[in-house]
2 protein chains.
Amino acid sequence: MPRSKQYNEQEVIEKAMNLFWRNGYETTSMQMLEKEMGINKFSIYASFGNKNGVFLESIKCYKLRLAQIINKLKATSKGVAGLKQYFYDFIEFSKEKERGKGCLIVNTANELGEDANPKIQAELMKFTAEVKEIFANKLNRDIPDNASLIEQQADYLIISMFGLASASRMFNKSQVENYIENIFKNL
Amino acid sequence: MPRSKQYNEQEVIEKAMNLFWRNGYETTSMQMLEKEMGINKFSIYASFGNKNGVFLESIKCYKLRLAQIINKLKATSKGVAGLKQYFYDFIEFSKEKERGKGCLIVNTANELGEDANPKIQAELMKFTAEVKEIFANKLNRDIPDNASLIEQQADYLIISMFGLASASRMFNKSQVENYIENIFKNL
DNA sequence: CTTAAAACTAAACGATTGTTTAGTATTCTT
DNA sequence: AAGAATACTAAACAATCGTTTAGTTTTAAG
């Protein structure tokens, strides 16, 4: 029948994701997306519905990228030491040039208010809960079966991860590494 | 000579500041500012130049508000315990209803990219450095004169403050308090 | 080939962005 | 009371926002 798509949706979303990651949701315009993705606005809307759709797909894409270091964390037999390595891996993961790009999820959570799109909010919450659960699983290796303590420390680490994501955008390498070392001093 | 202003610049900036604090820089439009400040756009431009000018004045206003708990920190004879109290004071300071508003400075740092207005960027950096210096002074009370250790711990605390600001927007009270307790476990 | 469905280009949509301008109302000084 | 300087109102500015639409090109099936 008709002609087939001349672009790969996964490829163009990867480009969109990087744009959102660097610039945030509001600052990233359809014009910028058009240019970066290399396809016409019509094609963007045909493939993803609207700007929100592009963003939601970008989050999926981000999770896939992040899965590389998340899977490494899941796989390690180390407990707390593995978590600490994950924090270091994240710095490398979010590195841009001098300063880092932070975390797309954390950047978005910090940018959007309470009246933001519910789908996006739900996605952020869900993702945060998932990562926290992975943290809790790792903690379970080094800590005797103390559910409430593990819960507490997992909360501590997920919030510290928010701090790390912020910090990677503002502070230099030695400051961020020093931050990680201090986080894990009392675990 | 002519008629005098029918509004107090400090009062209307306070309202603008609260709007920026809740919604962020980009999301806050001149239309919203007009409504919230209760004066016409012309008056806003006459008093503050442009949107950037309103924002810069809002930051000044924010610093004045924050000075209440900063001064309390400065005044206390306690060292680390005083710092911990400051973190708790900040939660109260940034409280909105269920979730907090975070910190206007941190919110802005997280929202704006590297191509943001240089004046604003400089203001954020300057403020961050100031608070870090206050932290360092307090640490000096409990730690023997070890300049590099104090520098390290002040870095740790200022980044943790970024984490706290983020966390106050996303996590509930017990999670945030648990976070603070963990931060100060090893100080 | 013909044809029809989908992908493309490019222009325009109304709404809203930050900013300015023209015109009116007010008030202090002389 | 007259005049002049400033604050005000309200409308319009160009530019951009996210989104849609009309028209053309491509392509694969009949």
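How many nonpolar, polar and charged residues does the surface near DNA strand C have? In this predicted model, the count by class is 11 nonpolar, 8 polar and 6 charged. Altogether, 25 residues surround DNA strand C. The closest of them come from both protein chains: Pro2(A), Gln6(A) and Phe42(A) on one side of the list, with Arg3(B) and Ser29(B) on the other. Three helices give two or more residues each to this surface, namely helix 3 (41-48) of chain A and, from chain B, helix 2 (30-37) and helix 3 (41-48). Helix 3 of chain A provides the largest share, with 4 residues.

It is helpful to turn next to the chain itself. Chain A has 9 helices and 0 strands, so read from the N terminus its elements run α-α-α-α-α-α-α-α-α. The C-alpha trace of chain A spans about 60 × 35 × 35 Å along its principal axes. Of its 187 residues, 37% count as buried. Among the contacts in chain A with a separation of 6 or more, 57% are accounted for by residues 24 or more positions apart.

Two helix pairs illustrate the packing within the chains. In chain A, helix 4 (residues 51-75) and helix 7 (residues 118-142) have axes that come within 12 Å and cross at roughly 5°. With angles under 35 degrees counting as roughly parallel, helix 4 of chain A and helix 7 of chain A are therefore roughly parallel to each other. On the helix 4 side of this contact in chain A are Phe55(A), Leu56(A), Ile59(A), Lys63(A), Ile70(A), Leu73(A) and Lys74(A). They meet Lys119(A), Ile120(A), Glu123(A), Phe127(A), Ile134(A) and Lys138(A) in helix 7 of chain A. By class, the residues of the contact between helix 4 and helix 7 of chain A divide into 8 nonpolar and 5 charged, with no polar residues.

The second pair lies in chain B, where helix 8 (residues 147-170) and helix 9 (residues 173-183) pack at an angle of about 170°, their axes 10 Å apart. Angles over 145 degrees count as roughly antiparallel, and helix 8 of chain B and helix 9 of chain B are therefore roughly antiparallel to each other. Here Ser160(B), Leu164(B), Ala167(B) and Ser168(B) of helix 8 meet Val176(B), Tyr179(B), Ile180(B) and Ile183(B) of helix 9. This contact between helix 8 and helix 9 of chain B has 6 nonpolar and 2 polar residues, and no charged ones.

Helix 8 and helix 9 of chain B also appear where the two chains touch. In that interface, 31 residues of chain B are in contact with 30 residues of chain A. The elements of chain B that give two or more residues to its side are helix 1 (9-23), helix 6 (104-111), helix 8 and helix 9. Helix 8 of chain B gives the most, with 11 residues. By class, the side of chain B that touches chain A has 9 nonpolar, 14 polar and 8 charged residues.

How, then, are the two copies related? Chain B is superposed on chain A by a rotation of 180° with 0.0 Å of shift along its axis, at an RMSD of 0.0 Å. That is the relation of a two-fold axis. The same surface serves both copies, as 97% of the contact residues of chain B recur in chain A. Within chain B, the residue that comes closest to the rotation axis is Gly163(B), at 1.8 Å (C-alpha).

Definitions and conventions: Residues numbered from 1 in each chain as written. Chains lettered and ligands numbered in written order. Predicted model: local features only at pLDDT ≥ 70, side-chain atom pairs only at ≥ 80, totals over all residues. Near = placed C-beta within 6 Å. Nonpolar A, V, L, I, M, F, W, Y, C, P; charged D, E, K, R; others polar. Axes fitted to C-alpha atoms, helices over the stretch in contact; angles between N-to-C directions. Parallel < 35°, antiparallel > 145°, perpendicular 65-115°, else oblique. Contact = placed C-beta atoms within 7 Å. Least-squares fit on C-alpha atoms with pLDDT ≥ 70 in both. Buried ≥ 20, exposed ≤ 12 C-beta atoms within 10 Å, placed from the backbone.
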